[in-house]
Amino acid sequence: MVDIPEHLLIKTAEARAKALGISVEQALAEMKGEAEPTTISKEPEVIDVKPIEVKEAPAPAAAVKADIPAEVDFAPETRVTQRLLTVVKAKPIQKPTSEPVDKVNTWPHLMLPEFISLMAMTAFLIFISAILQAPLLEEANPNITPNPAKAPWYFLGLQELLSYWDPQIAGVMIPLIIGVAAFMAIPYIDRNKDNKPSKRKYAIMLWTFFLAGAGTLSLIGILFRGPGWNWTYPWIDGVWFDDLLDWVHFE
Amino acid sequence: MKNEKIKFRDRVKDISAGLGDSLKESSLWGSIFRPGSPFRKGYSDSPRNRSYVVMNNVLYHLHPVKVKRHAVRLSYTLCLGGLSFFTFIVLTITGIWLMFYFRPTEMAYVDIQSLQTSIAFGSLVRNMHRWAAHIMVIVVFLHMSRVFYHGAYKAPREFNWVIGVILLLLTLLLSFTGYLLPWDQLAIWAVTVGGNMASYTPVIGAQVKFALFAGLEATEATLLRFYVLHVLFLPFIIVIFMAIHFWRVRKDGGISGPL
Ligand code: HEM
């Protein structure tokens, strides 16, 4: 049973006391079952009792009907017919439809790992910055073209790829723009809703091919291209890669 | 003798603890750290306070109060998105520091030289800025691959992938414009190679290169142009796109998965 809050009890007791013409304390005691319930004298309580008797000892329907006076009014206006039976606790009106998800507090479960990886990254960065000197060649001179002239490393795969065709004919920007647009379109092309690796073997294979291809082209551009963009072997001819100047010119 | 030493240490401990307490009780302290902060007096570890730690802090509340259990396993995101963001922060801090010593004029090369030789920590900070830039390109790319392998670009996250591609382009552009600034042979020729590629654009190739270089070839005007792009324009744009990116991660229901 739900415990009925005190203020509700008192409110009900007051209403009952007013209706029956008794004191509030009396009404309260009655409701708590500490005193005999007051009944209204001018109306005999015929009606209340009978249906209960029927429930306890179910008689044939005909008999019941015969017992009840035909013109009985079950809820005459003069009678008190309401009383507090129980208090129903408030429930949300809307039912949540989404599945409950297993969640944990962001602090500390996410923020601590984040903080640790942030510290590890900082330590790593300071460490390599202390031992690896960033390159600084001679001052810029538009009249002296280095051979080979290489783009920054992340473009070397592209530079290698573009060296296979004549830029005047095949163009550069058009393939690039199409390439970027294709990347952006990936989620709209791949309509497979599954994210299980076993259900998207094709997509995973494609991306792995892309990684392998881009990696190979970049490595060729970085390590195997020398003067005139000709093929060179790093272990025979050396390396032309000034991004890591200090580490490349080891001889 | 030994005993006295211990006593002394205990007293120091007591005094500092007392100082800490009265500091924490001061209204100044209380005004800085909002309710729920672990730095406040009487912080206790409860689910309610754990929520407050995130909710009541302007920086932390980029995060939701709760996240899916599988999402906090380091092996899911490998923290790569977070590290992309963090390297960007490091680059901003070291970059602003470098700006104190760098003029995008004919003095650029000299400024970098003196940064390396005569300014305290100049060499270290320059190295940090440069290697962090390389690391950011790598980490953003790895983040993209992680997202692909998890199929994390699928509905409802399609558009966040598109924003991601824009972020990748902006990252590359930031790195590329920074590449020219030391104004040495490496810088000017790498950028010239890039610019020549742009000039192969059909029909408007020459104009594209002219707009990029502020002239027919890499000159000091190019240096100034790249400098403004590098320290102002591109960071401004990338921050806006990052804000949209993070916002979308939350609006799309947090991290994808589990697989
Ligand atoms: C400056 C670059 C970037 C930053 C700072 C960044 C940051 C983040 C962060 C912090 C997250 C939260 C989850 C995680 O750490 O993996 C995230 C998720 C995501 N990112 Fe990025 N990102 C960047 C670039 C990219 C790129 C290049 C792509 C793809 C082309 C991308 C696509 C996504 C997608 C689809 C999600 C949702 C992943 C999921 O729900 O599992 N982002 N990003």
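**Exercise 1. Identify the chain-crossing partner of Asp102(A) and place both residues.**

Asp102(A) forms a salt bridge with Arg69(B), with 2.7 Å between the closest N and O atoms; a salt bridge is a side-chain nitrogen of Lys or Arg within 4 Å of a carboxyl oxygen of Asp or Glu. The pair crosses between chains: Asp102(A) is in the loop between helix 4 (61–67) and strand 1 (103–105) of chain A, and Arg69(B) is in the loop between strand 1 and helix 4 of chain B. Helices (H or I, at least four residues) and strands (E, at least two) are DSSP runs, numbered from the N terminus.

The next step is accessibility. Buried means under 20% relative accessible area, exposed over 50%, and partly exposed in between, with a 1.4 Å probe and protein chains only. Asp102(A), at 45% relative accessibility, counts as partly exposed. Arg69(B), at 43%, also counts as partly exposed.

The structure is a predicted model, in which local features need pLDDT of at least 70 and side-chain atom pairs count only at pLDDT 80 or more, while totals for chains, interfaces and linings use all residues. Residues are numbered from 1 along each chain as its sequence is written, chains are lettered from A and ligands numbered from 1 in the order in which they are written, and side-chain values use heavy atoms, with hydrogens and water left out.

**Exercise 2. Describe the salt bridges Arg16(A)–Glu30(A) and Arg225(A)–Glu160(A) and state what each pair ties together.**

Step 1. Side chains of opposite charge can pair when their charged atoms come close. The count over all chains comes to 9 salt bridges.

Step 2. In the pair of Arg16(A) and Glu30(A), the closest N and O atoms are 3.3 Å apart. Arg16(A) lies in helix 1 (residues 6–20) of chain A and Glu30(A) in helix 2 (residues 24–31) of chain A, so the pair ties together parts that are 14 residues apart in sequence. Glu30(A) counts as buried, at 8% relative accessibility.

Step 3. Arg225(A) and Glu160(A) form a salt bridge whose closest N and O atoms are 2.8 Å apart. Because Arg225(A) lies in the loop between helix 10 (201–223) and helix 11 (234–237) of chain A and Glu160(A) in helix 7 of chain A, the pair ties together parts that are 65 residues apart in sequence. Both Arg225(A) and Glu160(A) are buried.

**Exercise 3. Determine what surrounds Lys68(B), a buried residue without a salt bridge.**

Step 1. Lys68(B) is located in strand 1 (residues 66–68) of chain B.

Step 2. The nearest side chain of opposite charge, Asp252(B), is 11 Å away. For this purpose Lys and Arg count as positive and Asp and Glu as negative; His and the chain ends are not counted.

Step 3. The side chain of Lys68(B) reaches the backbone oxygen of Ile255(B) at 2.6 Å.

Step 4. Beyond neighbours within four places in sequence, Lys68(B) is in contact (heavy atoms within 4.5 Å) with residues including Val101(A), Asp102(A), Arg157(B) and Ser256(B).

**Exercise 4. Characterise the shell of residues around the ligand.**

Step 1. Of the 26 residues around the ligand, His143(B), Arg146(B), Gly164(B), His245(B) and Ser256(B) come nearest; a residue belongs here if one of its heavy atoms lies within 4 Å.

Step 2. The shell divides into 14 nonpolar, 10 polar and 2 charged residues.

Step 3. Helix 5 (80–99), helix 7 (122–149), helix 8 (158–180) and helix 11 (220–251) of chain B each supply at least two of the shell residues.

Step 4. A side-chain N or O atom of His143(B) is 2.8 Å from a nitrogen atom of the ligand. A polar side-chain atom of Arg157(B) lies 3.1 Å from a ligand oxygen atom, and a backbone N or O atom of Gly81(B) lies 3.2 Å from an oxygen atom of the ligand.

**Exercise 5. Locate the backbone features at Leu78(B), Cys79(B) and Pro156(B).**

Step 1. Leu78(B) is not a glycine, yet has a positive phi of about 55°. Cys79(B), likewise not a glycine, has a positive phi of about 60°.

Step 2. Leu78(B) is in the loop between helix 4 (74–77) and helix 5 of chain B, and Cys79(B) is in the loop between helix 4 and helix 5 of chain B. Leu78(B) counts as partly exposed at 47% relative accessibility, whereas Cys79(B) counts as buried at 11%.

Step 3. Ala155(B) and Pro156(B) are joined by a cis peptide bond with omega of about 5°. Pro156(B) lies in the loop between helix 7 and helix 8 of chain B.

Definitions and conventions: A polar contact is a pair of N or O atoms within 3.5 Å; within protein, one must be able to donate a hydrogen and the other to accept it, and residues adjacent in sequence count only if both atoms are side-chain atoms. Ala, Val, Leu, Ile, Met, Phe, Trp, Tyr, Cys and Pro count as nonpolar, Asp, Glu, Lys and Arg as charged, and the others, Gly among them, as polar.
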